Amino acid sequence: MLVMTIPPWVPGHETKPAPLPLLLVQSFVNTWDGEHGSDLLLEPATARDWLTRTGLWGADRPPTPAELDLARRVRENIRAMLVANSGGPPPATSDLQAIQAITEEARPALHIGPGGQMSLASQPPGRLEAGLLTLLLVIRDAQRDGTWHRLKACSNPDCLWAFYDRSHSRAGAWCDMATCGNRIKNRRLRQRQR
Ligand SMILES: [Zn+2]
């Protein structure tokens with residue numbers, strides 16, 4: 001049984017959390033809740049609160065509407081990658097434009113810690129692009145350590161919640177079998193019966 005304390009900034013009642021720091025990417029994607037139609041990255045005050053608690057934002061001002069627009073587009077770019085992880089089509093170039101813009105602008109800096117631990121960090125702080133680059137560096141590390149392909153988007157097209165598939169077969173398709181899994185199965189059953 002997995003014992004893990006869920007940080008308070010994780011949206012919803014997460015039953016399939018990714019390990020840290022990938023949990024940060026999962027939570028970022030889940031700032032949009034399709035089931036409830038809520039979005040933590042829509043209003044500057046709400047977004048500032050959530051982004052500050054995750055450590056992705058440290059400036060002494062709320063993010064601008066343009067920064068939040070970019071953040072939401074990056075979020076949907078990442079979601080397109082998670083749909084591919086769930087067995088969907090690979091994202092097209094047009095699905096990755098916001099991430100592409102950040103990778104072209106961003107200048108990650110290499111740091112060395114007291115013990116000789118090398119790490120890449122985003123700079124400069126004070127712009128939301130830096131926090132978004134931090135997420136991209138987490139994705140890069142997850143792609144290298146093999147955990148990335150377990151982070152998936154729910155196969156219910158009305159849901160698309162990001163969940164971490166810990167199953168041995170890595171064949172999980174639903175954020176929650178009891179809700180989305182059965183809902184879609186019943187829908188397909190009804191379609192077949194018609
Ligand atoms: Zn779902």
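Along the sequence, the residues that hold the zinc ion follow the spacing C-x4-C-x15-C-x4-C. In this predicted model, that pattern works out to Cys 154, Cys 159, Cys 175 and Cys 180, each giving its SG atom to the zinc ion from 2.3 to 2.4 Å away. The angles among the four donor atoms run from 105 to 116°, and the site is tetrahedral. For four tetrahedral donors, the ideal angle is 109.5 degrees.

Two of these donors tie distant parts of the chain together: Cys 154 sits in the loop between β5 (151–153) and β6 (162–164), while Cys 180 belongs to helix α6 (residues 177–193), 26 residues apart. Cys 154 counts as buried because its relative accessibility is just 2%, under the 20% cut-off. Cys 180 comes out at 4%, so that residue is buried too.

Then there are the pockets. The largest one holds about 470 Å³ of space. Its lining takes in 24 residues, and those nearest the centre are Asp 33, Glu 35, His 36, Trp 161 and the zinc donor Cys 175. Both β1 (32–33) and α6 give two or more residues to this lining, with α6 giving the most, at four. By type, the lining splits into seven nonpolar, 10 polar and seven charged residues.

The second largest pocket has a volume of about 170 Å³. Among the residues lining it are Ser 119, Leu 120, Thr 134 and Arg 140. Here the elements giving two or more residues are β4 (118–121) and α5 (128–145), and α5 has the largest share, with five. This lining is made up of four nonpolar, three polar and two charged residues.

Note on methods: Residues are numbered from 1 along each chain as its sequence is written. This is a predicted model: local features need pLDDT of at least 70, side-chain atom pairs count only at pLDDT 80 or more; totals for chains, interfaces and linings use all residues. Side-chain values use heavy atoms; hydrogens and water are left out. Donors are N, O and S atoms within 2.8 Å of the metal (3.2 Å for Na, K and Ca); water is not among the atoms, so sites may look incomplete. Four donors count as tetrahedral if all angles lie between 85 and 135 degrees; four count as square planar and six as octahedral if opposite donors are over 155 degrees apart and all others between 65 and 115; anything else is irregular. Buried means under 20% relative accessible area, exposed over 50%, partly exposed in between (1.4 Å probe, protein chains only). On a 1 Å grid over the protein atoms alone, a cavity is a set of points where a 1.4 Å probe fits but cannot get out, and a pocket is an open set with protein on both sides within 12 Å along at least five of seven lines; lining residues have an atom within 4 Å of a point. Grid points are joined across faces, edges and corners, and a volume is the space filled by probe spheres set on the points. Ala, Val, Leu, Ile, Met, Phe, Trp, Tyr, Cys and Pro count as nonpolar, Asp, Glu, Lys and Arg as charged, and the others, Gly among them, as polar.
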